[in-house]
Amino acid sequence: MVILDLMRAIGTLSVGQTADIAATSDDLDAVRRWCAHTGNTLAGAEFDHAGRGHVVIRRGPAPDPRLALAPDRMPGARLWLYTNFHCNLHCDYCCVASSPRAARRELGAERIARLVAEAADWGASQIFLTGGEPFLLPDIDRIVRDCTRRLPTVLLTNGMLFRGRGLSALRAMPRDQFALQISVDSATPALHDAHRGRGSWAKAVSGIEIALAAGFRVRVAATIAESRPDTIVALHAFLDGLGIPREEQIIRPVAKQGAATSGVQLSRESLVPEITVTVDGVYWHPVAASDERALVRRQIEPLRPALDEIYRQFCNQWAHTQSRLTLFPCA
């Protein structure tokens with residue numbers, strides 16, 4: 001686990017500062033490779049007769065930014081839960097191919113509460129609830145309350161169901177330790193509706209306005225197939241006008257997963273993991289939550305073995321790969 005300790009430490013250092021990291025003599029070769037990859041310096045190492053000791057790392061002049069992971073992006077910090085897979089929309093680039101015809105495949109409120117409690121005890125720091133469309137669940141407000149009692153929680157939604165039962169559920173959700181992330185792909189309806197369905201843009205924007213008026217923290221995520229500068233500038237300006245802070249505006253590319261026939265090619269080997277649980281198992285990353293190649297463990301509970309395994313695999317992957325690891329911005 002020394003590689004993850006190094007990544008944690010390097011993110012807290014300024015150039016030229018040093019940190020002592022517990023290590024063994026068996027770790028020394030991996031530490032040297034890590035320093036070579038990142039441009040940091042192995043400033044010293046000391047071990048006793050049993051091979052236990054420490055290494056001293058100095059942050060070098062040009063560390064590789066892929067490895068200065070913020071604490072909230074370390075493997076295991078984020079836990080993603082696919083509450084369900086059915087959806088009121090049929091987006092043509094949905095990474096898990098959700099739609100009105102998709103099987104429900106729900107985790108269930110009681111199991112979600114257990115998973116969140118176990119993840120919190122393990123060391124996770126944030127929960128992300130996604131689908132499908134979570135507001136199709138009659139107990140989504142209970143699920144959110146259970147999650148926020150343990151950890152800060154973000155709920156991803158298309159924002160279209162804030163009426164009737166959905167509006168009642170929204171109003172019953174906590175405001176503390178909670179945010180809604182609503183999908184809006186463009187500053188005008190054409191592009192958004194072309195991918196998500198006619199009329200969906202207006203309903204999503206209305207959903208943002210309803211949530212803000214009800215006192216919720218709202219983030220907005222845009223999935224954009226062709227990242228044209230004018231499109232992105234217009235989107236930022238539009239979201240600014242709605243009152244969404246820039247740091248809460250997320251723009252991400254289409255990933256070639258699920259329903260998408262084109263987009264960014266991602267693999268388990270190239271992604272920094274964000275541990276993801278669906279009713280089918282534990283996956284490496286939410287963008288690949290229906291990809292058998294990203295399946296880590298079929299058994300969901302207990303969750304700790306999967307958390308430990310992903311941690312271990314990431315350490316091993318990083319120590320031996322020469323490729324750039326990607327932080328894919330689902331949220």
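**Close-up views of the predicted model**

**View 1. Asp 185 has a relative accessibility of 0% and so counts as buried.** The structure shown in this and the following views is a predicted model. The side chain of Asp 185 meets that of Arg 196 in a salt bridge, with an N to O distance of 2.7 Å. This pair links distant parts of the chain, since Arg 196 belongs to helix H6 (residues 189–196) and Asp 185 to the loop between S7 and H6, the two being 11 residues apart. Arg 196 has a relative accessible area of 9%; under 20% counts as buried, so Arg 196 is buried.

**View 2. Asp 72, Arg 73, Arg 78 and Glu 274 are joined into one network by salt bridges that share partners.** Over the whole structure, the search finds 20 salt bridges. One of them is formed by Arg 78 and Glu 274, whose closest N and O atoms are 3.4 Å apart. Arg 78 sits in strand S4, whereas Glu 274 sits in the loop between S9 and strand S10 (276–278), so the salt bridge ties together parts that are 196 residues apart in sequence. Both members of the pair, Arg 78 and Glu 274, are buried.

**View 3. The surroundings of Arg 78, a residue of strand S4 (residues 78–82).** Arg 78 has a relative accessible area of 6% and is buried. Its side chain makes a polar contact of 3.4 Å with the side chain of Glu 274. The side chain of Arg 78 also reaches the backbone oxygen of Ala 331, at 3.2 Å. With neighbours within four places in sequence left aside, the residues in contact with Arg 78 are Asp 72, Arg 73, Gln 126, Phe 128, Glu 274, Ile 275 and Ala 331.

**View 4. A salt bridge joins Arg 114 and Glu 301.** The closest N and O atoms of this pair are 2.8 Å apart. Arg 114 is part of helix H3 (residues 109–122) and Glu 301 is part of the loop between S12 and helix H9 (304–320), so the two tie together parts that are 187 residues apart in sequence. Arg 114 is partly exposed, at 43% relative accessibility. Glu 301 is likewise partly exposed, with a relative accessible area of 27%.

**View 5. The open sheet contains 9 strands.** The strand order is S9-S8-S7-S6-S5-S4-S10-S11-S12, and the pairing is mixed. The edges are taken by strand S9 (249–253) and strand S12 (295–297); each has a single partner strand, so one side of each has no neighbour in the sheet. On average, neighbouring strands of this sheet are turned by 25° against each other, direction ignored.

**View 6. Strands S5 and S6 pair in the parallel sense.** Strand S5 covers residues 126–130 and strand S6 residues 153–157, and the two are paired over 3 bridges. Phe 128 has Val 154, in S6, as its bridge partner. Phe 128 is buried, with a relative accessible area of 1%.

**View 7. Helices H7 and H8 lie across strands of the sheet.** Helix H7 (residues 200–213) lies across strand S7 (178–183) and strand S8 (217–224). Its direction is at about 165° to S7. Helix H8 (residues 229–242) lies across S8 and S9 and runs at about 150° to S9.

**View 8. The structure has 6 aromatic pairs.** Trp 80 and Phe 128 form a stacked pair, with 4.6 Å centre to centre and 15° between the planes. Trp 80 lies in strand S4 and Phe 128 in strand S5, 48 residues apart, and the pair links distant parts of the chain. Trp 80 is buried, with a relative accessible area of 1%. The rings of Phe 178 and Phe 216 have their planes at 80° and their centres 6.0 Å apart, so this pair is edge-to-face. Phe 178 is in strand S7 and Phe 216 in the loop between H7 and S8, so the pair ties together parts that are 38 residues apart in sequence. Phe 178 and Phe 216 are both buried.

How values were computed
Residues numbered from 1 in each chain as written. Predicted model: local features only at pLDDT ≥ 70, side-chain atom pairs only at ≥ 80, totals over all residues. Heavy atoms only, no water. Pairing = 2+ DSSP bridges. Helix = DSSP H or I, 4+ residues; strand = E, 2+ residues; numbered from the N terminus. Axes fitted to C-alpha atoms, helices over the stretch in contact; angles between N-to-C directions. Contact = heavy atoms within 4.5 Å. Buried < 20%, exposed > 50% of the residue type's maximum accessible area, 1.4 Å probe, protein only. Polar contact = N/O pair within 3.5 Å; in protein donor to acceptor, adjacent residues only side chain to side chain. Salt bridge = Lys/Arg side-chain N within 4 Å of Asp/Glu carboxyl O. Phe/Tyr/Trp six-rings, centres within 6.5 Å; stacked < 30°, edge-to-face > 60°.
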